[in-house]
Amino acid sequence: MGQEGGGASGRGRCVGRLARASTEDGPSGGQFGYSGSVAAGGCGFLGEHVVRMLLQREPRLSELRVFDLHLGPWLEELKTGPVQVTAIQGDVTQAHEVAAAVAGAHVVIHAAGLVDVFGRASPETIHKVNVQGTKNVIEACVQTGTRFLVYTSSMEVVGPNIKGHPFYRGNEDTPYEAVHKHPYPCSKAQAERLVLEANGREVRGGLPLVTCALRPTGIYGEGHQIMRDFYHQGLRLGGRLFRAIPASVEHGRVYVGNVAWMHVLVARELEQRAALVGGQVYFCYDKSPYKSYEDFNMEFLGPCGLRLVETRLLAPYWLLMLLAALNALLQWLLRPLLLYAPLLNPYTLAVANTTFTVSTDKAQRHFGYEPLFSWEDSRTRTIRWVQAMEGSAQ
Ligand SMILES: NC(=O)c1ccc[n+]([C@@H]2O[C@H](COP(=O)([O-])OP(=O)(O)OC[C@H]3O[C@@H](n4cnc5c(N)ncnc54)[C@H](O)[C@@H]3O)[C@@H](O)[C@H]2O)c1
Ligand SMILES: CC(C)CCC[C@@H](C)[C@H]1CC[C@H]2[C@@H]3[C@H](O)C=C4C[C@@H](O)CC[C@]4(C)[C@H]3CC[C@]12C
């Protein structure tokens, strides 16, 4: 009952209102009732938006458990509202901590993960967090009787592939040769498969588990670390960024508020539409324009005082490939001494240089998704966030 520690081991740390997080609670519908949710990874970039969206847009919610390895201080402000918010510091790789956090909840939104395409973490760690962590979430649902699971997958499950084939305005059924080598997309693909295969498994209490996976393209918005990095880099370079990738290479981007909304909506609809939505994948999309990665970033960084300098003649593609290879070599050589993980490496260059855009209405057809934020709103909110950043030129 109300144990500080949040988990059977006492390792997971509960802050805020204490809640029962023991695996003895029994199947959902128990103490926390129909409307208890778990947001795993709830303190990350996307996770924070999911948490806030659940509190704003899910009137039936009575309890929300925010489970994360690193808890954010902003959770404190949520504790005065009508919903019981319980912050649980825990690790998805620890099965007992996950089971304790999930027990008795109605639905789990699993957005915890290691997002690393820069070589910061080892392939083993990426696998452990993204694949073993997801296995633990699934097993926790099965053992404790939680019936509904929404998994944050990624466009990277599909591509871009190692051959650099473009995926142009594709949808969930578009044929594409998905071949991965990098640990991050490999881990996301494996985890997504596990989630989809778990659909229909019998959970404690005898009812079937209902799962689905959402595949965001590159998410942007308030809290986006790479946008922050580009902005600060631009400030250091005297208000300039240098174009590295041709403007003709298009990237699918989606606003974080719309990705969060899609998670909340599908979590709400999973029960009523289990037969249709269970076991399905959905790209996350909105009305953000198709542009190159750099031109898209300039939609926000431009109004904040940065300009994009054309350098195609100065930096031809072969030179970028050389620099990317050099960065990879330096990373390997320096590893025993320090972590060298620049944005440019052979993998990020290949992704940045391959068109990947989606055009679909599957989420609209299956569970009534419409973007909550227009492109104009998404742009304004992101610009305001950049302008408010420390060291801002504004
Ligand atoms: N950012 C994007 O553009 C993007 C695009 C597509 C999919 N995704 C997916 O969305 C999810 C969230 O990504 P994000 O961009 O918010 O990343 P993020 O790093 O900001 O958030 C991930 C959260 O997971 C938590 N976490 C990491 N390891 C954990 C562990 N062992 N136990 C518990 N919590 C742990 C982190 O502390 C963090 O709060 C990820 O699964 C990612 O693969 C992100
Ligand atoms: C030439 C370089 C300087 C350009 C650097 C840009 C590069 C760091 C960007 C370009 C595309 C970005 C990825 C893309 O938006 C989608 C995803 C999927 C998501 O699941 C994780 C993040 C990721 C891989 C983005 C990472 C940063 C990338 C590669």
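How much space lies in the second largest cavity? I began my notebook with this point, and I note at the outset that the model is predicted.

**Entry 1: the cavities**

I looked up the cavities of 30 Å³ or more and found that the structure holds 2 of them. The second largest cavity contains about 40 Å³ of space. I then listed the residues that line this cavity: Val38, Ala40, Phe67, Val92, Val98, Ala101, Val102, Val108 and Val137. By residue class, this lining divides into 9 nonpolar residues, with no polar and no charged ones. I also asked which elements each supply at least two residues of the lining; they are strand S2 (36-40) and helix H2 (95-102). The largest share, 3 residues, comes from H2.

**Entry 2: the second largest pocket**

I turned next to the pockets. The second largest pocket has a volume of about 290 Å³. I recorded 17 residues in its lining, and the closest to the centre of the pocket are Phe118, Gly119, His182, Gln331 and Arg335. Three elements give two or more residues to this lining, namely helix H3 (123-144), H9 and helix H10 (346-352). Of these, H9 provides the largest share, with 3 residues. I entered the classes of the lining residues as 10 nonpolar, 5 polar and 2 charged.

**Entry 3: helix H9 and a surface patch**

I stayed with helix H9, which covers residues 317-334. Is Leu329, a residue of this helix, buried, partly exposed or exposed? I found a relative accessibility of 44% for Leu329. Leu329 therefore counts as partly exposed, because that class lies between the cut-offs of 20% and 50%. Leu329 also belongs to a nonpolar patch on the surface, which it forms with Leu323, Leu326, Leu330, Trp332 and Leu333. Together, the residues of the patch have about 600 Å² of accessible area.

**Entry 4: Pro82**

Where is Pro82 found? I located Pro82 in the loop between strand S3 (63-68) and strand S4 (84-89). The relative accessibility of Pro82 is 85%, so this residue counts as exposed, the cut-off for that class being over 50%. I also looked up the separation of Pro82 and Leu55. The two residues are 27 residues apart in sequence, and their C-alpha atoms are 9.0 Å apart in space.

How values were computed
Residues numbered from 1 in each chain as written. Chains lettered and ligands numbered in written order. Predicted model: local features only at pLDDT ≥ 70, side-chain atom pairs only at ≥ 80, totals over all residues. Heavy atoms only, no water. Patch = residues over 30% accessible without salt bridge, like charges linked within 9 Å, V, L, I, M, F, W, Y side chains within 5 Å. Areas by Shrake-Rupley, 256 points an atom, 1.4 Å probe, with all protein chains shown as cover. Salt bridge = Lys/Arg side-chain N within 4 Å of Asp/Glu carboxyl O. Helix = DSSP H or I, 4+ residues; strand = E, 2+ residues; numbered from the N terminus. Buried < 20%, exposed > 50% of the residue type's maximum accessible area, 1.4 Å probe, protein only. 1 Å grid on protein atoms, 1.4 Å probe; cavity = no way out; pocket = protein on both sides within 12 Å on 5 of 7 lines; lining within 4 Å. Points joined across faces, edges and corners; volume = space filled by probe spheres on them. Nonpolar A, V, L, I, M, F, W, Y, C, P; charged D, E, K, R; others polar.
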